[in-house]
Amino acid sequence: MTRIVIAGAGSIGCFVGGLLQHAGHDVALLGRPRILNALRDNDLRLTDFTGLDLHVTPQTLSDDPAILATAELILVTVKSGATADMARLIATHAPADAPIISLQNGMDNARCLTDALPGRDIRAGMVPFNVVPGPPGHYHRATSGDIVIEQGPGDLGKTLTSPALPLTESDRIRAVQWGKLLINLTNAINALSGLPLLEMLKNRAWRRLMADQMEEAQRVLRAAGIQVASTAPVPMTWVPRILRLPTPIYTRIAASMLRIDRQARTSMAYDLREGRLTEVDQLQGVILDLARAHKIATPTLAAIHRAVKSVEGQGPVTPALSPDQIRAM
């Protein structure tokens, strides 16, 4: 049994933390009072597209970062914009020998943690699945995939894995993260569409928009000499071609690659719905910065980034744009 502190009890943090506790670990959730109070009143209910349905009573809930002092392992699950603040809290409170794993979107979170916490065992990670918040205390895994973390000492992959939460280690975690970033570019499109992810994917116009932005991003990464590991059962270069196929053919192929249930929306859709800042700068923004450095035109990526920034942080909103409206931006 390992004492694990989840540093950021949001959707991913609560879902992963709950499954780790169910597997026998001693888990503490560090988060905001709004979420923790809901868990005190309702406990955790964890469901997913396979029929998983677990009820877990959290062992430790705290909004006091001093709880980090008890950690044997820390999983950082805050939004990218909060990484630097969490690093400072870890530096102040956490034992120096506690490994730290970043289970966050974006490319620079592990590096941010490493810069702020020199000499510590810090590893990048990749969470492929989407977690949808439901009623208070209820978190639903709506898409498939297994967590991957950076390879290192201590066999952490074996320590953390369980039947409900398979987890592997990789010595190519940077390439794995770039592959996930390419997939996560869809987050912004889904947020702008106002549609459930599955409904959006059944529309060829939306898939063509996804394909165009992914091809632009792949051109940029090739120019920058960046290696990409596919997080899908096919090479990433095939994905735009698959997206552009007629819907009946696409549906048959996609069913063998990824499982998505009807509840799935991307995390960025929930950010806009709740009036929060998004991670679009850590996704589209990263590619746009590289594109400028290598003088590569990325009109689709730029339009999507601009569309998100036009509504981000302006209060709760659920955009309902069309692909043509986004391209026009």
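**A short tour: rings, charges and a helix crossing**

The count here comes to one aromatic pair (rings of Phe, Tyr and Trp, the last by its six-membered ring, with centres within 6.5 Å; planes under 30 degrees apart are stacked, over 60 edge-to-face, the rest tilted). Select phenylalanine 15 and phenylalanine 129: their rings meet edge-to-face, 5.9 Å centre to centre with 65° between the planes. The pair joins distant parts of the chain, 114 residues apart, with phenylalanine 15 in helix α1 (residues 11-22) and phenylalanine 129 in the loop between β8 (122-126) and β9 (131-133). Helices (H or I, at least four residues) and strands (E, at least two) are DSSP runs numbered from the N terminus.

Before moving on, bear in mind that this is a predicted model: local features need pLDDT of at least 70, side-chain atom pairs count only at pLDDT 80 or more, and totals for chains, interfaces and linings use all residues. Residues are numbered from 1 along each chain as its sequence is written, and side-chain values use heavy atoms, leaving out hydrogens and water.

Now add arginine 141, whose charged end sits over the ring of phenylalanine 129, 5.2 Å from its centre (CZ of Arg or NZ of Lys within 6 Å of the ring centre and within 35 degrees of the ring normal). Next, select arginine 207 and tyrosine 250: the charged end of arginine 207 sits over the tyrosine 250 ring, 4.4 Å from its centre.

Finish with helices α13 (residues 284-293) and α14 (residues 299-311). Show Gln284, Gly285, Ile287 and Leu288 of α13, which meet Leu301, Ala302, Ile304 and His305 of α14 (contact means heavy atoms within 4.5 Å).

Definitions and conventions. Axes are lines fitted to C-alpha atoms, for helices over the stretch in contact, and angles run from 0 to 180 degrees between N-to-C directions.
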